[in-house]
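Subject: Structure handover

Hello,

Here is the structure I promised you. Please open it alongside this email; my notes follow below.

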Amino acid sequence: MKKSKIWIRICVHLLVCTTFGVHSSEFGDAVTDDITSISLLKQNIPKDYKIPVTYIPKEVGGMCWVTLNVFHLELSLRGLADKFGNISSNKYNISILIEMLKETRYHMKNLEVITSDFECHYRDEKWQTGHYFQFVEDFLNTARSNRDLPEECDPPPCPTTTKASATTITTQYPASGKEPLRFLPEVVERSLLSLLVIPIAAIIFLFVWKVKSRSNQHQSDELKSVEGGHFTGTEESLAPPLDDISEKNRLNIIEAV
């Protein structure tokens, strides 16, 4: 009886040790693989190459940071892998990281719901190689240390516009509380308005010039008429009266006789 119990205990210990050893080796292999892959990718990809990524910062995601970033980080790595050929070592190393993310994502629950709840908090940026793979390494380390991921996450309020712009909208549209629809961007509208100023100013200038030219023409005609009348009167004043001429002629005739 005692011997059978001893053998049972031995078998149980062997199973526990075997299981623990398998998990430890898998964990160790995974850590070694991702560190090696990330190190090689940092060396092979140019440092100034910018990689697009959609992410949520830790201060916003909190305990759900891993859940919120796993899907978009996997998409980013897939897009990066497509830049290389099938036989490229870079593509192979990136595929190792993608498989790790897939394994992490496989154990998550309500991933789609949580991701959609935080939709307004995602940021789209382009990072250089070193910054990008530092983020990937930080993500994998955080995912390993947090095995029990939350199934529900409460998103913070979505970011809003600045107070100044909100105040402007409130004072500008107090009645309806809604901003009117804009068919063109505000910058384009301002440009069109500034272009309209030039022809309007030209029309006003032409109108004023025409009025002044007519006024000057009218004054010139009046001056000519006045000068013409003065000249005629002068000639008449120079000419002697008809009566004086007739008297002189009579005198001349009498003297001659």
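The protein exposes about 19,700 Å². Carbon and sulfur atoms supply 62% of that area. Keep in mind that this is a predicted model. Of its 257 residues, 21% count as buried.

**Overall layout**

There are nine helices and two strands. From the N terminus on, the order is α-β-α-α-α-α-β-α-α-α-α. Contacts across the sequence dominate the count: among contacts with a separation of 6 or more, 85% are between residues 24 or more positions apart.

**The two strands**

β1 and β2 run antiparallel, joined by six bridges. K50 of the first strand stands opposite Q128 in β2. The side chains of β1 alternate. I51, V53 and Y55 point to one face and are buried. K50, P52 and T54 point to the other face and are not buried.

**Nonpolar cores**

As a general point, nonpolar side chains in soluble globular proteins tend to be buried together. Here the largest nonpolar core has 29 residues. Which residues have the most contacts inside it? They are Y132 and F133. At least two residues of this core come from each of α1 (2-44), β1 (50-55), α3, α4 and α6.

Look at F133 in particular. Leaving aside residues up to four places away in sequence, F133 touches I38, L41, K42, I45, I51, L80 and L97. Another core lies apart from the one with 29 residues, and this other core has seven residues. Among them are I56, L68, I114 and F118.

I96 deserves a glance too. I96 sits in helix α4, residues 89-106. Its relative accessibility is 19%; the cut-off for buried is under 20%, so I96 counts as buried. The C-alpha atoms of I96 and S37 are 7.4 Å apart, although the two residues are 59 apart in sequence.

**Aromatic residues**

The structure holds six aromatic pairs. One of them is Y55 with W127: the ring centres are 4.7 Å apart and the planes lie at 55°, so this pair is tilted. Y55 belongs to strand β1 and W127 to strand β2, so the pair ties together parts that are 72 residues apart in sequence. Both Y55 and W127 are buried.

W65 and F139 form another tilted pair, at 5.9 Å centre to centre and 55° between the planes. W65 is in helix α3 and F139 is in helix α6, so this pair ties together parts 74 residues apart in sequence. W65 is buried, with a relative accessible area of 3%. F139 is buried as well, with a value of 0%. These four residues join F135 in one aromatic cluster: Y55, W65, W127, F135 and F139.

**Disulfides**

How many disulfides does the structure hold? There are two. With bonded cysteines counted along the chain, they follow the pattern 1-3, 2-4.

C64 and C153 form one disulfide, with sulfur atoms 1.6 Å apart. The torsion about its S-S bond is about -100°, so the C64 and C153 disulfide is left-handed. This pair links distant parts of the chain, 89 residues apart. C64 is in the loop between α2 (58-61) and α3 (65-81). C153 is in the loop between α6 (129-145) and α7 (163-172). Are these cysteines buried or exposed? C64 counts as buried, at 6% relative accessibility. C153 is buried too, at 9%.

The other disulfide joins C120 to C158, with an S to S distance of 2.0 Å. The link of C120 and C158 is left-handed, with -80° about the S-S bond. C120 lies in the loop between α5 (111-117) and β2 (123-128), and C158 in the loop between α6 and α7, so the pair ties together parts that are 38 residues apart in sequence. C120 counts as partly exposed, at 31% relative accessibility. C158 is also partly exposed, with a relative accessible area of 43%.

Best wishes

Methods:
Residues are numbered from 1 along each chain as its sequence is written. This is a predicted model: local features need pLDDT of at least 70, side-chain atom pairs count only at pLDDT 80 or more; totals for chains, interfaces and linings use all residues. Side-chain values use heavy atoms; hydrogens and water are left out. A disulfide is a pair of cysteine sulfur atoms within 2.5 Å. Helices (H or I, at least four residues) and strands (E, at least two) are DSSP runs, numbered from the N terminus. Buried means under 20% relative accessible area, exposed over 50%, partly exposed in between (1.4 Å probe, protein chains only). A nonpolar core is a set of buried Ala, Val, Leu, Ile, Met, Phe, Trp, Tyr and Cys residues joined through side-chain atoms within 4.5 Å. Contact means heavy atoms within 4.5 Å. Two strands pair if DSSP finds at least two bridges between them. Accessible areas come from the Shrake-Rupley method with a 1.4 Å probe; for residues, only the protein chains shown count as cover. Rings of Phe, Tyr and Trp (its six-membered ring) pair if their centres lie within 6.5 Å; planes under 30 degrees apart count as stacked, over 60 as edge-to-face and the rest as tilted.
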